[in-house]
Amino acid sequence: MFGKLSRILLRQLLAVVTSFAVAASQIVPLSAQHVGEESRAQIVLQLGHSFPVSSVAFSSDGRAALSGSNDKTVKLWDIASGRTLRTFTGHSNQVVSVAFSPDGRAVLSGSQDHTLKFWDVAGGREIRTFTGHSGEVNSVAFSPDGRTALSGSADQALKLWDVASGREIGAFVGLSDDVSSVAFSPDGRSALSGGWDKALRLRDVASGREIGAFVGHSDWVNSVAFSPDGRTVLSGSADKTVKLWDVTSGRLLRTSTGHSSGVWSVALSPDGRTGLSGSVDHAIKVWDVTSGREIRTFKGHSGPIRSVALAPDGGTALSGSDDKTIKLWDMASGRLVRTFIGHTRDVNSVAFSPDGHFALSASWDNTIKLWDVASGHEIRTFKGDLGPVNSVAFSPDGRTALSASDTTVRLWDLASGTERVKMLSFKDGSWLMITPEGFFDTSSPQAAQYLGIVRWLEVSSVDQVYQALYRPDLVREKLAGDPDGKVRGAAAVLDLDRVMASGAAPKVAITSPASGSSSPTDEVAVEATIADQSGGIGKVEWRINGVTLGLESRGLERVDAPAAGAPPSRRTETVKRTLSLEPGDNRIEVVAYNAKGLIASEPAQVSVKWDGAKTATPPKLYVLAVGVNDYYDSRLRLTYAVPDATALAEGFRKAGNGLYASVELRSVLDGEVTLANLDKVFVDLSQKVQPRDVFVFFLAGHGKTRNGRYYFLPRDFRYEDENSIEKAGMGQDKFQAWFASIPARKSLLLYDTCESGSLTGANARGSDVDERLGALNRMARATGRTFLTATTDDAPALEGFRGHGVFTYALLDALDRADVNRNGLIEVSELADYIDQKVPDYSFEAFKLRQIPQRSIVGNNFALINRTEVPGLARAGAGPAAPASPTTKPTHVVVSPTDVYELVAGKGTMVERLATGTLLSLVKAEQGWALVARGGKQIGYVMEDHLMRVQ
């Protein structure tokens, strides 16, 4: 029986296209011995780069890391968030070498496709390709000033490039063999190359002229290094020698013939006085760079030396060897200080921490080890890589480590010894990061389909727990070391283990219609069976081409596992719904959740075709605009939400004329914005809106993100504590139900809602922005509809821009100016692009901060409205608009005596002194100062911290 179950599980795993399992707290190979005995949830991964990672490195500021791979790609990782910022694709063969520019703004990559590519880090675009080599580019380097680039190739050429123009400055041809190593001199004036032609060649960068050919090695040159002052060069070769050269004269100063086998690596001390070489002959040699004299030999390894490193103070050296050990040597005496024993296979890489107190080692035994240099004690072992660890590096602050194996890049917390995050990327360019607790962030929902979850004999995809564990904000917190305990707190409530323990998702099958069938009308009756798999049956989602057009709850609670020997419970429900079709092929999906709503089933889907026969009735445009200014809690009162909702509705009314049969507007403002009333409004709309119609929803007021989910605060909301937001706010489930009741196949949802930071006094941080973005993506996924959101904090929405909120102003402006293709129509993509471009500009112009809008576009692009100018809209670029008249209603009270100044920052004339208790209205805030008014008249600027909102 066990063997049969094993075969069943293995077939399921093959269907997920995976070969490894990752537990919530560890990574282990998946084999038959784990089947049935691992009760914890395990994540199955298709890992990172699809071929070995050639190198990893931190940028000079420690904020980014670079990895190059044999999978033909270069990947840029953000250390703060852990995300794959960019995947640079374009090479047609393996990437052999990569380099950051000195300022970190650009990346060079050399490939076996014979090209050198120059990439813009910020934009992620390929700036140019340097072509000219006829062999693989083995080595690339930036000059110290970043203006020129050097490349060495298997075509026996060394080329110098002008980075700004992409022009080849010099082609140093005539070499007799491949170039394997290149380096700039410290002053950037000369370039050095070493290669298979057994010579080092020095070129003048300005003229391209060969200054000297350092000939003397009898085999290929593996490694070259300039001294810090640029006067000498050290080279190591397969001919068993290390040579020291005088750069000025090209004269060979000294040859060491002490090694009995090839030299794999050389290093120079920070002061440039001492050289170090590691060899296949198991020895490390120390050289006096000034005289070229061999000072001493470190002997003790019983295998080839793969890696050597010098401490930051130059006093000690590390060596890693195939004999599975790391050794620490005293540079002054040559004494073996200690041997670090613990690895079970070859040591590939060693590194000192920036302060020299710690050492890292990476090995073929799939582990990384952290060592205390002073005592020689192994502090901890980092396990998790599924293959040999090729390289390790300390971050500049020494707090984290970056490791690269053949398939993954990982970030480790050195203090705790835990993996902070695993960074994965896939062949289609998508990426995913996951924490040990199971929280993940991803570039697209599709990336989550490359992951699976194994618990007992149940196999699910990570995509099925998207709504529960997609938390980019917690991934960011984890990467920062979880300083506020947010990840720890969230995991105590819900993590991967708890999600999987909630019970298996139901199995869903569509019984009618048959896949591949055709429908004579634009409606089809769909019937499906939902089989409980002991986790119960919760809500059921009906989708057409990804748009949720039906939602219902079955309410079947979970059935606990039956007693031993008893057959498992398999309750089955039959569900039916009539759905509207689009012209052409329609993908119909039915998804059911378990009773706890944490795990979704795999979508059951069929394809049905409708020929798209035109109906007699043209589509209508329905606009529902909701806005709240007059909140019951005066701390929440706003100025622009209601005017924005009114202006937006009127703008769409005018822009829709002539394009639609009619434009139907519905405004719900202030006191009408309650849960009960909006329930009625959506019921009414659901009976009027037809599938072929277009639905636009606009929402302005206070929003709040809580535990990764979005909530809108209705007008009657009362704040007691953070729990009141989830209790009284309009959450994702409510919005999903409302939108699912609207049968329109084309929809646009516009959210101009600000975080109500005034309730808690919280300031926006990077993880807060990620939490809002995560909530947006989760909402878009649940509804299947296009979202455009302001994603701002409290201040800009309160202050406004040219009489509107910044986001709404940009929307109104776009009605006239977003028509990029000049066809007289504003398409959804044009509107989104315009918002994305203009909102940051407008917010910076007004408030000296950039408000970054977010979007999630679902489905096909379509023409939304006619190009229309909004009457009375104050245009940017037409000179400063007159500020909106200040409200006469007080918004703030003076809490300590304060002086009023004519200009911001206490400049200009002092107008008056205000006593404690003076009531004012806020006009705008900037640089820590507030422009205030009294009785509807502006009086000047006061220090912002002398004010408090009216309670």
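I count a residue as buried when its relative accessible area is under 20%. With that cut-off, 56% of the 951 residues of the protein chain come out as buried. The model I am reading is predicted.

**Entry 1. Whole chain**

I started with the inventory. The protein chain has 13 helices and 68 strands. I then looked up the surface. About 38,000 Å² of the chain is exposed, and carbon and sulfur atoms supply 48% of that area. Next I checked the contacts with a sequence separation of 6 or more. Residues 24 or more positions apart account for 55% of them.

**Entry 2. The sheet β32 to β35**

I picked one sheet to follow strand by strand. It is open, has four strands and runs in the order β32-β33-β34-β35. The pairing is antiparallel. Which strands stand at the edges? They are β32 (347-352) and β35 (378-383). Each has a single partner strand, so one side of each lacks a neighbour in the sheet. I also noted the twist: neighbouring strands are turned by 15° against each other on average, direction ignored.

In the middle of the order I looked at one pair. Strand β33 covers residues 358-363 and strand β34 covers residues 367-372. Five bridges join them in the antiparallel sense. For a single bridge I took Leu360, whose partner in β34 is Leu370.

**Entry 3. Ser353, beside the sheet**

I moved to the loop between β32 and β33, where Ser353 lies. Is Ser353 buried or exposed? Its relative accessible area is 2%, so Ser353 is buried. I then searched for polar atoms around its side chain. One of them lies 3.3 Å from the backbone nitrogen of His357. Leaving out residues up to four places away in sequence, Ser353 touches Pro312, Phe358 and Phe394.

**Entry 4. Asp323, another loop**

I stepped back along the chain to Asp323. This residue is found in the loop between β29 (316-321) and β30 (325-330). Asp323 has a relative accessible area of 14% and is buried. Its side chain makes a polar contact of 2.7 Å with the side chain of Thr325. I then asked what Asp323 is in contact with beyond its neighbours within four places in sequence. I found His301, Ser302 and Gly303. I also checked His282. It is 41 residues from Asp323 in sequence, and the C-alpha atoms are 9.0 Å apart.

**Entry 5. Helices α3 and α4**

I turned to helix α3 (residues 472-479). How many of its eight residues are buried? Seven are, so α3 is largely enclosed by the rest of the structure. I listed the buried ones: Pro472, Asp473, Leu474, Val475, Glu477, Lys478 and Leu479. Charged residues are in that list too, including Asp473, Glu477 and Lys478. Just after α3, Gly481 takes a positive phi of about 95°.

Then I took up helix α4 (residues 486-493). For two packed helices, the description uses the angle between the axes and the distance between them. The axes of α3 and α4 come within 8 Å and cross at roughly 130°. That value lies between the 65 to 115 range for roughly perpendicular and the limit of 145 for roughly antiparallel. The two helices are therefore oblique to each other. I looked up the residues that meet. On the α3 side they are Leu474, Glu477 and Lys478. On the α4 side they are Lys486, Val487 and Ala490. I note that Leu474, Glu477 and Lys478 are also among the buried residues of α3.

**Entry 6. Backbone checks**

I closed with unusual backbone geometry. A cis peptide bond joins Ser512 and Pro513, with omega of about 0°. Pro513 lies in the loop between β44 (507-512) and β45 (517-519).

I then looked for positive phi in residues other than glycine. Ser534 has a phi near 85°. Its place is in the loop between β46 (523-531) and β47 (537-544). At 21% relative accessibility, Ser534 counts as partly exposed.

Asp670 also has a positive phi, near 45°. It lies in the loop between β53 (663-669) and α7 (675-688). Asp670 counts as partly exposed, at 22% relative accessibility.

Technical notes:
Residues numbered from 1 in each chain as written. Predicted model: local features only at pLDDT ≥ 70, side-chain atom pairs only at ≥ 80, totals over all residues. Heavy atoms only, no water. Pairing = 2+ DSSP bridges. Axes fitted to C-alpha atoms, helices over the stretch in contact; angles between N-to-C directions. Buried < 20%, exposed > 50% of the residue type's maximum accessible area, 1.4 Å probe, protein only. Contact = heavy atoms within 4.5 Å. Areas by Shrake-Rupley, 256 points an atom, 1.4 Å probe, with all protein chains shown as cover. Polar contact = N/O pair within 3.5 Å; in protein donor to acceptor, adjacent residues only side chain to side chain. Parallel < 35°, antiparallel > 145°, perpendicular 65-115°, else oblique.
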